[in-house]
Amino acid sequence: MTLTIIIITVLVSLIAFSNEELFNRLKFNAWMIYERKQSWRFVSYALLHSGWAHLLINMFVLYSFGKVVESAFVLWFGGPKGLMYYFLLYLGGVLFANIYDYGRNKENPYYNAVGASGAVAAVLFAAILIVPNSTLIIFPIPIPLPAWLFGILYLIYSIYMGRRGTDNIGHFAHFSGAVFGLIFTLILRPELTDIFIRMFQ
């Protein structure tokens, strides 16, 4: 499933790099959704990326952590059901990532967003919940961080930068996707809460 999502996303992104009409048709634009009822944009934007770096980073993170989550879901629920839940995790991350920005920008025709970052954040935070003791090395921090600590810092950073609004990155989308990933995974496996708490005892 992870590889399928990556392949489809890469293909659509590459086509849209040289097809401005397709790019404009698929990108997230709250005003177009609100005024023109183009609701597909709630999903299609995640298939687009602003450039090679944006695409490669998202797909690398998705590949790195998606296989962990996908394997866990299949182990817990069996093949078909586990893959369905994994797909719903990713799709839910896509949908929930821009809910806040939709409400804030539905009367602003100039606000656009592209990229799978919110959905990738959902998968990443599901992985953190599943293996909280794993470590991550995040540039430019030179030492490995526990996954749970990275998760907390990531959420704080996303809120802070989202409120500042000084760049073109959808920090609230990252935050919303991450929170969805946590909640969705806990709904599926509530016992992960106890495991997470016992880790600190």
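**Close-up 1. K37, out in the open in a loop.** At 62% relative accessibility, K37 counts as exposed, the cut-off for that label being over 50%. This is a predicted model, and in it K37 sits in the loop that links α3 (30–36) to α4. What makes this spot worth a look is the backbone: K37 has a positive phi of about 60°, although it is not a glycine. Most residues other than glycine have a negative phi.

**Close-up 2. Helix α1 against helix α5.** Here helix α1 (residues 2–17) meets helix α5 (residues 52–77), with axes that come within 9 Å and cross at roughly 170°. Angles over 145 degrees count as roughly antiparallel, so that is the label for α1 and α5. On the α1 side, the contact uses T2, L3, I5, I6, T9, V10, S13, L14 and F17. From α5 come W52, L55, M59, L62, Y63, G66, K67 and E70. Sort the residues of this α1 and α5 contact by type and you get 11 nonpolar, 4 polar and 2 charged.

**Close-up 3. Helix α5 against helix α6.** Next up is the packing of α5 on α6, at an angle of about 140° and with the axes 7 Å apart. That angle makes α5 oblique to α6. The crossing of these two, α5 and α6, is right-handed. Look for L62, G66, V69, E70, F73, V74 and F77 on α5. Their partners on α6 are G79, K81, G82, L83, Y85, Y86, L89 and Y90. By type, the residues in the contact of α5 with α6 come to 10 nonpolar, 3 polar and 2 charged.

**Close-up 4. Helix α6 and what covers it.** How far apart are the end C-alpha atoms of helix α6? They are 27 Å apart, which agrees with the 27 Å that the 19 residues of α6 (residues 79–97) should span at 1.5 Å a residue. The buried residues of α6 are G82, Y85, Y86, L89, Y90, G92, G93, V94 and A97. Cover for these buried residues of α6 comes from several helices, including α1, α4 (41–44), α5, α7 (99–105), α8 (117–130) and α10 (171–188). Zoom in on G92, which is found in helix α6: G92 is buried, with a relative accessible area of 6%. G92 and A113 are 21 residues apart in sequence, and their C-alpha atoms are 17 Å apart in space.

**Close-up 5. Helix α6 against helix α8.** In this view the axes of α6 and α8 come within 7 Å and cross at roughly 130°. That makes α6 oblique to α8, and the crossing of α6 and α8 is right-handed. The residues that α6 brings to the contact are Y86, L89, Y90, G93, V94 and A97. Facing them, α8 offers G118, A119, V120, A122, V123 and A126. No charged residues turn up in this contact of α6 with α8, which divides into 10 nonpolar and 2 polar.

**Close-up 6. F96 and its partners.** Is F96, a residue of helix α6, buried, exposed or partly exposed? At 41% relative accessibility, F96 counts as partly exposed. Setting aside its neighbours within four places in sequence, F96 is in contact with S176 and F180. Both S176 and F180 appear among the buried residues of α10. F96 also has a C-alpha to C-alpha distance of 7.9 Å to G118, with the two positions 22 residues apart in sequence numbering.

**Close-up 7. Helix α10 and F172.** To finish, have a look along α10, which has 18 residues. From its first C-alpha to its last, α10 reaches 26 Å, close to the 26 Å expected at 1.5 Å a residue. The buried residues of α10 are H171, F172, A173, H174, S176, G177, A178, F180, G181, F184, T185 and L188. One of them is F172, found in helix α10, and at 13% relative accessibility F172 counts as buried, given that the cut-off is under 20%. Which distance separates the C-alpha atoms of F172 and S158? These C-alpha atoms are separated by 6.3 Å, while F172 and S158 are 14 residues apart along the chain.

Technical notes. Residues numbered from 1 in each chain as written. Predicted model: local features only at pLDDT ≥ 70, side-chain atom pairs only at ≥ 80, totals over all residues. Heavy atoms only, no water. Axes fitted to C-alpha atoms, helices over the stretch in contact; angles between N-to-C directions. Helix = DSSP H or I, 4+ residues; strand = E, 2+ residues; numbered from the N terminus. Parallel < 35°, antiparallel > 145°, perpendicular 65-115°, else oblique. Contact = heavy atoms within 4.5 Å. Nonpolar A, V, L, I, M, F, W, Y, C, P; charged D, E, K, R; others polar. Expected span 1.5 Å × (residues − 1). Buried < 20%, exposed > 50% of the residue type's maximum accessible area, 1.4 Å probe, protein only. Left-handed = near helix turned anticlockwise from the far one by under 90°.
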